[in-house]
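Subject: Structure handover

Hello,

Here is the structure you will be working with. Please open it first, then read the notes underneath.

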Amino acid sequence: MTALVLSRIGFAVTVLERSDNSFRTGAALHVDHGLLARLTGNRMHNPLAPGIQSWFTVHAGLLGAARSHPLIDIRQGMSVESVGQNTESAWVVAANGQRFGGDLVVGADGHNSVVRRTVSPEKPNATFAGYSIWLGVVQESSLGPNVRWPSETAFLGGGDEYLLGYPLPGSDGSVEKGHRQLGWAWYDSSRNGLFREKGCVAGNVVSHSLKAADVPEQTLREMASDAERWPSLWHDAILDSIKRKAVIGTPITEYVPDRLVEGRLALVGDAAHVPTPMTGNGFRASLLDAEALAECLSGEVSGSGPLQSSLVKYQTLRLNDVRRLVQSGQDFSRNFAASRTRGQP
Ligand SMILES: Cc1cc2nc3c(=O)[nH]c(=O)nc-3n(C[C@H](O)[C@H](O)[C@H](O)COP(=O)(O)OP(=O)(O)OC[C@H]3O[C@@H](n4cnc5c(N)ncnc54)[C@H](O)[C@@H]3O)c2cc1C
């Protein structure tokens, strides 16, 4: 999104993305009506359907739009390892030793941001919130013919148990009966010991999700039994995911920023701030960051203003709002993390 809005105001943007094109999964995000047109300024742009969409669909739609823009150069499989700057320019160095320089570096590298380490060396890491979310996506066709399809997100549970269930279009975008998907996200504070044992969490830092192949059989059996507490549609969806061993576990982090910029470096999205998913607002906050950054930099393409002061303006616009967003979820996180533990804390 940042690449799209910056290219729209004339910046040439190089996007360095460490992952390749293989299928990646995630939860669901709410897409505003006309998102791509808003980002690109092009009303004829291929629409990314509004409503709840899988992370993968949103990512694919944005990537497609970025790929077709002549000012955006996307390099996949390029993992950034370090960041630097002087008064003239900023740069990153990738794992293969390649160096990329420019007028500024925008860290849009998620909750475990490398760029944040240089922007906020005194507070480089998002911290483990004390619970995780198990995620699965199920094909409608696997759930039998008589399913009553939900029209909106189901929010179930309370206290020490939460389940979000959401209807999704099919992976081809289809909303036809029989072709759709159901997603579920199950909040769990009882298995922190497992995530530590598997190396996903060390101290209070989260390094990665627990991949489906690494979820122990015993955990899947326990989850299958615990899932009985949910209404049959969601119970069946969870059992289907468990049967296919298509369940990933994501330890949740939080980060309240003290700053968003340093010199020629700026942070957006989860690199800048990590709210609990319970706020349902991480994606929207990332969009607002991108737009605010473009607004503040719009005089810069001609080289007319001091870039650093435009970035400070961006920080002034966004810092209080994003701090409040993260803080708004922290009571939930503290209570939920304390609600139940199984195994190690
Ligand atoms: C379980 C879960 C459920 C959620 N549910 C919701 C929801 O319902 N609604 C909502 O609004 N938000 C939700 N969120 C939050 C939302 O997913 C994030 O706010 C959003 O994805 C942030 O986007 P981002 O681009 O900043 O970071 P990311 O989506 O994390 O993208 C960062 C990118 O940077 C790449 N990268 C990382 N490090 C490097 C590196 N060193 N070099 C190169 N590339 C790198 C990664 O591969 C990735 O592609 C949820 C999050 C989770 C974990």
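Below is what was found, beginning with the domains and ending with the cysteines.

Please keep in mind that this is a predicted model.

Domains. The domain assignment splits the chain into two parts. Domain 1 is made of residues 2-123 together with 258-332, and domain 2 covers 127-253. The C-alpha centres of domain 1 and domain 2 are 27 Å apart. Where they touch, domain 1 contributes 15 residues and domain 2 contributes 16 residues.

The contact between them. About 1300 Å² is buried between domain 1 and domain 2, and carbon and sulfur atoms give 67% of that area. On the domain 1 side, Ile-52, Met-278 and Phe-332 stand out: they supply 34% of the area that domain 1 buries against domain 2, more than any other three residues. The number of salt bridges between domain 1 and domain 2 is zero.

An annotated span. An unreviewed UniProt entry lists residues 128-190 as "domain: 2,6-dihydroxypyridine 3-monooxygenase substrate binding". In the model, residues 128-190 are 52% strand and 0% helix. The C-alpha atoms at the two ends of this span lie 14 Å apart.

Cysteines. How many disulfides does a search of the whole structure find? The search finds zero. Are Cys-200 and Cys-296 buried or exposed? Cys-200 has a relative accessible area of 1%, so it is buried, as buried means under 20%. Cys-296, at 5% relative accessibility, falls under the same 20% cut-off and therefore also counts as buried.

Regards

Methods. Residues numbered from 1 in each chain as written. Predicted model: local features only at pLDDT ≥ 70, side-chain atom pairs only at ≥ 80, totals over all residues. Heavy atoms only, no water. Disulfide = S-S within 2.5 Å. Buried < 20%, exposed > 50% of the residue type's maximum accessible area, 1.4 Å probe, protein only. UniProt positions renumbered as here; feature names shortened; annotations may be inferred. Helix = DSSP H or I, 4+ residues; strand = E, 2+ residues; numbered from the N terminus. Domains from an automatic or database assignment. Contact = heavy atoms within 4.5 Å. Buried area = accessible area lost by both parts, 1.4 Å probe. Salt bridge = Lys/Arg side-chain N within 4 Å of Asp/Glu carboxyl O.
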